[in-house]
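Biologist: Can you pull up the model and walk me through it? I have a few questions about how the pieces are arranged.

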Amino acid sequence: MPAIAKAFNIIKLASPFPAFSGVNGLTSHVGGEATKSGQAIDEAGSLRVAAIWIANTVLADEISSPTMKIVKKDDRERRTLEPSSLKAFWGDPNPDQTRMGLDATETLSMTLWGTSYTMLGWTNGGDLEVRWPLDPAAVSLERLEDMGLKLSSTGQGELFNRPGQRPEFSYVPLYTLPGKLEPVSPVRMAAEMAGLSLAYEETAARLMGRGLQPSAVLTADETVDEETAEQLSRRLERLHGGSGRAGGVAVLGGKDLKLERLSMSMADAEFVAQNEQVFKVLLAMWRVPPTVAGMVDKPSTWGTGIAEFSPGLERFTLRPIVQRRQAGAEKYITKWVDPELQVRYRFDSLLSAAPKERAEIQRSRLMQGSTSIERILAQEDEPPFGEGETVYSQLSLSTEGERKLRMQRQHAEAIVAQANAVAALVNAGVSQDRAWEIFGGDPAMIEGLTEE
């Protein structure tokens, strides 16, 4: 297959459906690093671990769900742009995925392998035509003499990022060690803990399959030949093997036979019970609170607690990944169309407060003049008010006309009260001009009020 980089030098892609990974386009979920627990752990296969699945899918869902905006760096109004030359970025990136789907794929790549590789297809006119995710397990990087990067991918050929030229792939690592091109894989760092979790699950499944009883020993006061021993063993297995037949009593023929059941030791029971602790540690390695996985110790956790950990999840877990993705998008994509463009993700949906608290915040911002009715409606995904609709004030729950009329009446009442106070001073011997000066008023207000 010719190199994809060469195929992109023409308007039409040589192959619009490149393989995702492997020679035949198949993703391998086997192999991986052997751990001391006897479990083999690799990035894709690690999703069999419940905690790793929960942590990584939470990150992929949350990072792919916020609103993504392309704006001009000097635009104070922050108007969203959708340049046709970047349709593969803000629209569908390839025939198989939506933008959210590719965002989730790239996020999983970063949180499992520690980086995301995405093939970029440009037209001769400089438009971004397609973006395909690459399997990090089948990618190798090499530094070129001109300080560029060469990416070799099984089934994809070779891609190049050369200085001063449009990049043929985006490379967004999560963590890299000094002097290293290959990123740090979170799964490899958590391999022993992940292997231990799989060992716990395997042990529990084996015990359940045996009816929660590891084994039993049938003893006799005399020597039992091997054939008889095997027959007795098979009969016990047939009668009581598996969880559905556990707990019964077996009656076996023979002389002075005695059945001794071997129960689980306290050490074994404690070992299995530690699985929850391993689960929490694995979540913590991906900075995902156990509450997200439904692990709550108190009923109140889903009350005030659930509202408090969302800002922490955004600040310490999601934001670092999103900021790397934003910087990568500007470095590899928007820069080559318009250097003044920038990419921003908004977490309003994740950080939104409860309805009562949100209404209080919106009312406060309206009073401060830092927002408008139209912007609040847009945040709630509501259309602007129509001309024929009755609009109520946010503060008094009255119509705008009623509110204006009430304010005019209050103003008139204040003027009348001021005039009465001036009249009292005049009756006491104070000149009329001096009396109005004391109250800071203007006699013309009375005349205007009288005329109305």
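Modeller: What follows goes through this predicted model by topic, as you ask.

Biologist: Start with the overall count. How many helices and strands are there in the chain?

Modeller: The chain has 16 helices and 12 strands. It is 452 residues in length, and 35% of them count as buried.

Biologist: And the contacts, what percentage join residues at least 24 apart?

Modeller: That is 62%, taken among contacts between residues at least 6 apart in sequence.

Biologist: OK, sheets. What is the strand order in the sheet with E4?

Modeller: The order is E5-E4-E9, in an open sheet of three strands with antiparallel pairing. E5 (128-134) and E9 (169-173) are at the edges with a single partner strand each, so one side of each has no neighbour in the sheet. On average, neighbouring strands here are turned by 25° against each other, direction ignored.

Biologist: How many bridges hold E4 and E5 in the antiparallel sense?

Modeller: Six bridges, with E4 covering residues 115-122. Met119 has Trp132 in E5 as its bridge partner, and Gly121 is opposite Val130 in E5.

Biologist: What do E4 and E5 form together?

Modeller: A hairpin, with five residues between the two strands. Gly126, in the turn, has a positive phi of about 90°.

Biologist: E5 is an edge strand. How many of its residues are buried?

Modeller: Six of its seven residues are buried, so by the under 20% relative accessible area cut-off E5 is mostly covered.

Biologist: Which helix lies across that sheet's strands, E4, E5 and E9?

Modeller: Helix H4, residues 99-113, lies across E4, E5 and E9. H4 runs at about 140° to E4.

Biologist: Switching to helix pairs. At what angle do H2 and H4 pack?

Modeller: At about 140°, with the axes 8 Å apart. H2 and H4 are therefore oblique to each other, since an angle has to be over 145 degrees to count as roughly antiparallel. Their crossing is right-handed.

Biologist: Which residues in H2 and H4 meet?

Modeller: From H2 there are Ile52, Asn56, Thr57, Leu59, Ala60, Ile63 and Ser64. From H4 there are Arg99, Met100, Asp103, Ala104, Thr107, Leu108, Thr111 and Leu112. By class, the contact of H2 with H4 holds eight nonpolar, five polar and two charged residues.

Biologist: What about H2 and H9, parallel or antiparallel?

Modeller: Roughly parallel: H2 (residues 50-64) and H9 (residues 275-285) pack at about 30°, and angles under 35 degrees count as roughly parallel. Their axes are 9 Å apart, and the crossing is right-handed.

Biologist: Which residues make that contact between H2 and H9?

Modeller: Ala50, Ala51, Ile52, Ile54 and Ala55 in H2 meet Phe279, Leu282 and Leu283 in H9. The contact of H2 with H9 has eight nonpolar residues, no polar ones and no charged ones.

Biologist: Now Arg325. Buried or exposed?

Modeller: Arg325 counts as buried, because its relative accessibility is 8% and the cut-off is under 20%. Arg325 is in helix H10, residues 304-332.

Biologist: What does Arg325 touch, not counting residues up to four places away in sequence?

Modeller: Arg325 touches Ile63, Asp103, Glu106, Thr107, Met110, Val172 and Tyr345. Of these, Ile63, Asp103 and Thr107 also appear in the contact of H2 with H4.

Biologist: Back to sheets. What is the order in the one with E6?

Modeller: E6-E7-E8, again an open sheet of three strands with antiparallel pairing. E6 (139-143) and E8 (157-161) are at the edges, each with a single partner strand, so one side of each is left without a neighbour in the sheet. Neighbouring strands are turned by 20° on average, direction ignored. E7 (residues 149-153) and E8 pair over five bridges, and Ser153 is opposite Gly157 in E8.

Biologist: Last topic, backbone angles. What is phi for Met147 and Arg287?

Modeller: Met147 has a positive phi of about 70° although it is not a glycine. Arg287, also a residue other than glycine, has a positive phi near 60°.

Biologist: Where are they, and how accessible is each?

Modeller: Met147 is in the loop between E6 and E7 and is exposed, with a relative accessible area of 56%. Arg287 is in the loop between H9 and H10 and is partly exposed, at 43%.

Conventions. Residues are numbered from 1 along each chain as its sequence is written. This is a predicted model: local features need pLDDT of at least 70, side-chain atom pairs count only at pLDDT 80 or more; totals for chains, interfaces and linings use all residues. Side-chain values use heavy atoms; hydrogens and water are left out. Two strands pair if DSSP finds at least two bridges between them. Helices (H or I, at least four residues) and strands (E, at least two) are DSSP runs, numbered from the N terminus. Axes are lines fitted to C-alpha atoms, for helices over the stretch in contact, and angles run from 0 to 180 degrees between N-to-C directions. Contact means heavy atoms within 4.5 Å. A crossing is left-handed if the near helix is turned anticlockwise from the far one by less than a right angle, and right-handed if clockwise. Ala, Val, Leu, Ile, Met, Phe, Trp, Tyr, Cys and Pro count as nonpolar, Asp, Glu, Lys and Arg as charged, and the others, Gly among them, as polar. Angles under 35 degrees count as roughly parallel, over 145 as roughly antiparallel, 65 to 115 as roughly perpendicular and the rest as oblique. Buried means under 20% relative accessible area, exposed over 50%, partly exposed in between (1.4 Å probe, protein chains only).
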